[in-house]
Amino acid sequence: METKDCFGQTVRVGERVKVIGFSDVFMNSLPPEDHGHISQMIGAVFVVDEIDDGGQAWVTKWWSIGGGESDAHAIGLASSEMVLTPSADSQDLEQ
């Protein structure tokens, strides 16, 4: 499967995308305690894990929450929320 980024470029699983923002509707749907972590994803580069039937490109961000514990958020990105990023920009790649 494939989808498009904000410039109409084709995005496929395994490619890198930069998160350029989230809609107010999405941010308002989150619990307040998640806003800080999710906002940290803006400007970061992620590898696309999956593209769903609706055309969203799914990426995952992991955070260390201390004591050897971690937390993750998987987000489905709409075309308007991402831009395809060349592999040369991988120094910004998030895990």
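This passage describes strand β3, the nonpolar core and the surroundings of Glu-2. The model is predicted, so local features need pLDDT of at least 70 and side-chain atom pairs count only at pLDDT 80 or more, while totals for chains, interfaces and linings use all residues. Residues are numbered from 1 along each chain as its sequence is written, and side-chain values use heavy atoms, without hydrogens and water.

Strands are DSSP runs (E, at least two residues) numbered from the N terminus. In a regular strand the side chains alternate between the two faces of the sheet. Along β3, Val-17 and Val-19 point to one face and are buried, whereas Arg-16 and Lys-18 point to the other and are not; buried means under 20% relative accessible area, exposed over 50%, and partly exposed in between (1.4 Å probe, protein chains only). Two strands pair if DSSP finds at least two bridges between them. β3 pairs with β4 (residues 45-47) in the antiparallel sense over three bridges, and Arg-16 has Val-47 as its bridge partner in β4. An antiparallel pairing over three bridges also joins β3 to β8 (residues 82-84), where Val-83 stands opposite Lys-18.

The largest nonpolar core (buried Ala, Val, Leu, Ile, Met, Phe, Trp, Tyr and Cys residues joined through side-chain atoms within 4.5 Å) has 18 residues. Val-17 and Val-48 are among those with the most contacts inside this core. At least two core residues come from each of β3 (16-19), β6 (57-66) and β7 (69-77).

Glu-2 lies in β1 (residues 2-4) and is partly exposed, with a relative accessible area of 42%.

Terms used
Helices (H or I, at least four residues) and strands (E, at least two) are DSSP runs, numbered from the N terminus.
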